[in-house]
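Trainee: I am new to this structure and would like a close look at a single part of it. Please start there, and then tell me how other parts are put together.

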Amino acid sequence: MAKILRINVRTREYRFEELGQYAGLGGRALTSRIVLNEVPASCHALSAANKLVIAGGILAGSTAANSGRSSVGAKSPLTGGIKESNVGGQFAHKLPRLGLLAIVLEDKPDADAPFCTIVVKKDSVAFEDAAELLGKGNYAAHELVKAKFGEKAVTAMVGPAGEQCLMASTIQFSDPDGRPSRSAGRGGMGAVMGSKKVKAIVLDPDAKDAVPMADAEAFKVARKRWVDILMNHPVTSQGLPTYGTAILVNIINEAGALPTKNFRSGRFDGAAKISGEAMTETIKARKGQYKHGCHTGCVIQCSQVYNDKNGEFLTTGFEYETIWGFGANILVDDLDDIAMMDRTCDEMGMDTIEMANTIAMAMEAGVVAWGDGKGVIELLRKVGTADPLGRILGNGTVFTAQAFGVDRVPVVKRQALPAYDPRVVKGVGVTYATTPMGADHTAGYAVCQNVLKVGGDVPSHGKAGQVEVSKNLQVATAAVDSLGLCLFVAFAVLDTPDALSVVADMVAASTGKPYSVDDIVNLGVNCLKDELAFNKAAGFTDKDDQLPDFFTNEALPPHNLTWDFTTEEMQAAKV
């Protein structure tokens with residue numbers, strides 16, 4: 001059975017532990033349970049008392065399609081509450097081959113201690129000096145890591161923003177092409193890793209042991225059906241592979257829900273120029289790759305490789321939220337500028353959603369003009385340097401708004417809102433308000449029912465059914481994250497009657513223990529209960545489950561809708 005590796009980053013001692021009380025958990029359920037049990041809710045997120053947990057899902061050791069997601073958990077320095085940041089890349093694929101389900105970083109070195117690179121092998125851990133990596137962009141640092149540990153080294157790394165413990169910092173995970181392009185972006189997990197003076201974690205590239213399935217034949221049957229389900233749904237087999245998540249730009253713009261100029265309008269005149277359709281045509285013309293997986297075993301392939309005008313690699317994982325945030329949100333309609341912003345965030349190790357909203361705060365303050373893409377790129381490049389403005393921006397939306405006296409601040413629990421205006425897509429607004437994670441669309445993606453009409457039809461403009469659909473999706477998402485599955489499997493699952501039974505069959509066949517649909521639901525429910533319990537202990541109350549006042553006070557064109565839920569109504573969305 002896979003174990004938990006605990007590493008004390010101050011003493012540099014380590015131990016491999018049996019799962020014990022954490023048996024049966026994985027992914028988000030595991031990270032959140034460890035954080036609840038072992039991290040004082042009142043602690044400072046950058047203190048020795050916090051822990052950083054990186055875990056594969058329950059299905060991580062299997063060959064189930066799209067089961068390679070990692071969960072990164074800690075107390076968030078950005079929100080002050082519990083956090084799970086979900087990420088692709090090769091980490092969750094490699095961990096089980098080392099006999100591990102999770103790695104836990106504990107304690108904190110002295111202030112003058114050097115940064116280290118932690119190298120994890122099957123039965124040992126080594127601590128290497130990381131001096132040559134410090135201050136470098138993630139791509140250059142990752143090349144040095146590969147030169148030392150092998151081209152196929154699997155890594156989790158902080159950039160300069162994480163080294164400085166900035167609240168918008170990410171942990172960058174290596175993808176199947178050996179690029180540090182997959183971001184555990186939300187909540188400032190890079191700051192927690194940086195506070196522990198860990199520059200990178202490297203998993204032994206020579207670890208290749210397959211993980212045996214308890215019932216190989218039963219797993220094979222369930223896995224085949226699982227692939228059939230994903231490959232026969234139009235979203236997961238056609239829409240996402242062809243246009244990536246940016247397929248949503250035109251769809252959400254047409255729905256009048258594409259937040260524009262810091263949530264002042266639901267439509268952006270330049271949407272067609274930054275759409276998934278435009279992106280794919282550009283990629284084709286420049287001989288990039290519009291169908292690309294973020295981890296081994298992905299059959300949806302919604303990522304891409306985006307080249308510049310000279311046909312040279314620029315960025316990968318060019319997502320809808322990034323294109324919206326650095327596009328419509330700040331009035332930029334040049335895909336190349338947005339792609340450079342994305343690459344800059346990957347280099348410095350910054351969350352694109354948080355930073356896009358942060359830049360909107362800078363624009364509100366007149367630091368840079370609305371629509372000035374080149375000016376934004378220069379601002380982003382200051383983060384992670386000695387420039388004081390970079391320090392301000394790198395600490396996120398709320399911090400920057402406070403620094404410049406801005407009062408139009410789109411956050412919940414201090415985390416910036418993603419790419420759907422909650423006045424029009426009200427189901428996702430309920431999720432923003434009530435998820436323990438802070439404003440997070442992935443925590444309960446009601447866009448499915450509100451706009452895409454996948455898994456049901458809950459009209460997006462009214463209040464009816466929104467709380468219920470958000471609550472159900474929050475449970476389902478917590479379960480998906482805990483299993484280690486990609487969130488996008490939900491499109492097919494919601495429309496396929498036997499999908500959850502098939503997932504339960506894969507878990508049962510891989511573990512050798514009975515597993516049912518009810519067990520999947522309970523996995524999600526208990527995960528959320530753990531997270532809510534931590535946040536309550538951290539001081540969060542019902543009043544924190546609400547959107548900023550301007551969503552209630554300002555009608556959003558073109559539909560002229562407002563946010564009209566009370567804080568009391570939001571409580572029904574909790575488990």
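Mentor: Here, two residues are in contact when heavy atoms of one lie within 4.5 Å of heavy atoms of the other. Keep in mind throughout that this is a predicted model.

The part to look at closely is helix 16, which covers residues 426–434. The buried residues of helix 16 pack against strand 16 (411–412), helix 17 (447–452), helix 18 (466–483) and helix 23 (567–570). Helix 16 is mostly covered, with nine of its nine residues buried. Those buried residues are Lys426, Gly427, Val428, Gly429, Val430, Thr431, Tyr432, Ala433 and Thr434. Buried here means under 20% relative accessible area. For the protein as a whole, 63% of the 575 residues count as buried.

Now for the setting. The protein has 23 helices and 17 strands, and its C-alpha trace spans about 60 × 55 × 50 Å along the principal axes. Of the contacts with a separation of 6 or more, 69% are between residues 24 or more positions apart.

A strand can be covered as well, and strand 3 (residues 52–56) shows this: five of its five residues are buried. In a regular strand the side chains alternate between the two faces of the sheet. In strand 3, Leu52, Ile54 and Gly56 are on one side and Val53 and Ala55 on the other, and both faces are covered. Strand 3 also has strand partners. With strand 6 (residues 100–106) it runs antiparallel, joined by four bridges, and the bridge partner of Ile54 in strand 6 is Ile103. Strand 4 (residues 70–75) is likewise antiparallel to strand 3 and joined to it by four bridges; there, Ala55 is bridged to Ser71.

Next come two open sheets. One has six strands in the order 8-7-12-9-10-11, with mixed pairing. Its edge strands are strand 8 (125–129) and strand 11 (182–184), each of which pairs on one side only. Neighbouring strands in this sheet are turned by 20 degrees against each other on average, direction ignored. Inside the order, strand 9 (residues 154–157) and strand 12 (residues 198–203) are antiparallel and share four bridges, with Ala156 opposite Ile201 in strand 12. Helix 3 (residues 138–149) lies across strand 7 (116–120), strand 8, strand 9, strand 10 (171–173) and strand 12. The direction of helix 3 is at about 140 degrees to strand 9.

The other open sheet has three strands, in the order 13-14-15, with antiparallel pairing. Strand 13 (289–292) and strand 15 have a single partner strand each, so one side of each is left without a neighbour in the sheet. The twist from one strand to the next averages 20 degrees. Two bridges link strand 13 and strand 14, and Gln289 stands opposite Val305 in strand 14. Strand 14 (residues 303–307) and strand 15 (residues 313–316) are joined by three bridges, and Tyr306 has Thr315 of strand 15 as its bridge partner. The hairpin of strand 14 and strand 15 has five residues between the strands, and in it Gly311 takes a positive phi near 80 degrees.

Helix 11 lies across strand 14 and strand 15, at about 70 degrees to strand 15. Helix 11 (residues 335–348) also packs with helix 13 (residues 373–380), at an angle of about 5 degrees and with the axes 10 Å apart. That angle makes helix 11 roughly parallel to helix 13. Asp337, Met340, Met341, Thr344, Cys345 and Met348 of helix 11 meet Gly373, Lys374, Val376, Ile377 and Leu380 of helix 13. By class, this contact has seven nonpolar, two polar and two charged residues.

A further helix pair is helix 1 (residues 27–38) with helix 21 (residues 517–537), whose axes come within 9 Å and cross at roughly 30 degrees. Helix 1 and helix 21 are therefore roughly parallel to each other, and the crossing is left-handed. Helix 1 brings Arg28, Ala29, Ser32, Arg33, Val35 and Leu36 to this contact, while the residues from helix 21 include Leu523, Asn526, Asp530 and Phe534. The contact of helix 1 with helix 21 has eight nonpolar, two polar and four charged residues.

Key
Residues are numbered from 1 along each chain as its sequence is written. Side-chain values use heavy atoms; hydrogens and water are left out. Two strands pair if DSSP finds at least two bridges between them. Axes are lines fitted to C-alpha atoms, for helices over the stretch in contact, and angles run from 0 to 180 degrees between N-to-C directions. Angles under 35 degrees count as roughly parallel, over 145 as roughly antiparallel, 65 to 115 as roughly perpendicular and the rest as oblique. A crossing is left-handed if the near helix is turned anticlockwise from the far one by less than a right angle, and right-handed if clockwise. Ala, Val, Leu, Ile, Met, Phe, Trp, Tyr, Cys and Pro count as nonpolar, Asp, Glu, Lys and Arg as charged, and the others, Gly among them, as polar. Buried means under 20% relative accessible area, exposed over 50%, partly exposed in between (1.4 Å probe, protein chains only).
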